[in-house]
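Reader: I would like to go through this model slowly and learn how each term earns its place. Could you show me the structure before we start?

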Amino acid sequence: QVHLVESGGGLVQPGGSLTLSCAASGSDFHINVMGWYRQAPGNQRVLVASITTSGYTNYLGSGRGRFTISRDSAKNTVNLQMNNLNSEDTAVYYCRAEGQYGPARRDFGSWGQGTQVTVSS
């Protein structure tokens with residue numbers, strides 16, 4: 001199927017910025033939508049932002065206005081630029097991709113392994 005690898009997480013001070021990256025790999029696949037989710041301790045995993053092949057973006061929650069999602073469809077990568085971070089942004093961030101794979105064009109949905117973002121002074 002499709003394997004996702006995230007990078008770019010870490011420790012940042014309040015008001016700082018981070019950029020998360022995610023790269024998809026595999027064979028004979030097409031991605032329709034890529035997105036970023038986050039899960040804080042004790043909370044459910046929630047969508048932060050998503051982007052379609054045509055570039056349509058969707059932002060949910062407190063990241064709207066501070067986060068920017070971008071995608072390189074040719075390289076099957078997606079980035080999340082996060083600005084003005086605060087402690088409530090502390091979470092594990094997961095990349096997700098949805099599309100079709102194989103000769104039969106079966107639907108798939110893949111998750112990355114997650115990358116920790118900690119906002120603290």
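Reader: What makes aspartate 89 and arginine 38 a salt bridge?

Author: A salt bridge is a side-chain nitrogen of Lys or Arg within 4 Å of a carboxyl oxygen of Asp or Glu. The closest N and O atoms of aspartate 89 and arginine 38 are 2.9 Å apart, so the pair meets the definition. Before we go on, please note that this is a predicted model, in which local features need pLDDT of at least 70 and side-chain atom pairs count only at pLDDT 80 or more, while totals for chains, interfaces and linings use all residues. Residues are numbered from 1 along each chain as its sequence is written, and side-chain values use heavy atoms, with hydrogens and water left out.

Reader: Which parts of the chain does this pair tie together?

Author: Aspartate 89 lies in the loop between E8 and E9, whereas arginine 38 lies in strand E4, so the salt bridge ties together parts that are 51 residues apart in sequence. Strands (E, at least two residues) are DSSP runs, numbered from the N terminus.

Reader: Why are Arg38, Arg66 and Asp89 called a network?

Author: Aspartate 89 also meets arginine 66 in a salt bridge, with 2.8 Å from N to O, and the three residues are thereby linked in a network of salt bridges.

Reader: How do you know whether arginine 96 and glutamate 98 are buried or partly exposed?

Author: Buried means under 20% relative accessible area, exposed means over 50%, and partly exposed lies in between (1.4 Å probe, protein chains only). Arginine 96 has 17% and therefore counts as buried, while glutamate 98 has 34% and is therefore partly exposed. The side chains of these two residues meet in a salt bridge as well, at 3.0 Å from N to O.

Reader: Why is the link of cysteine 22 and cysteine 95 called a disulfide?

Author: A disulfide is a pair of cysteine sulfur atoms within 2.5 Å, and the S to S distance here is 2.1 Å, so the name applies. A search of the whole structure finds one disulfide, and this pair joins strand E3 (residues 18–26) to strand E9 (residues 91–101), 73 residues apart. Cysteine 22, at 1% relative accessibility, counts as buried, and cysteine 95, at 0%, counts as buried too.

Reader: What makes E3 and strand E8 a pair?

Author: Two strands pair if DSSP finds at least two bridges between them. E3 and E8 (residues 77–82) have six bridges, in the antiparallel sense, so they satisfy that rule. One of the bridge partners is glutamine 81 in E8, which faces threonine 19.

Conventions. Helices (H or I, at least four residues) and strands (E, at least two) are DSSP runs, numbered from the N terminus.
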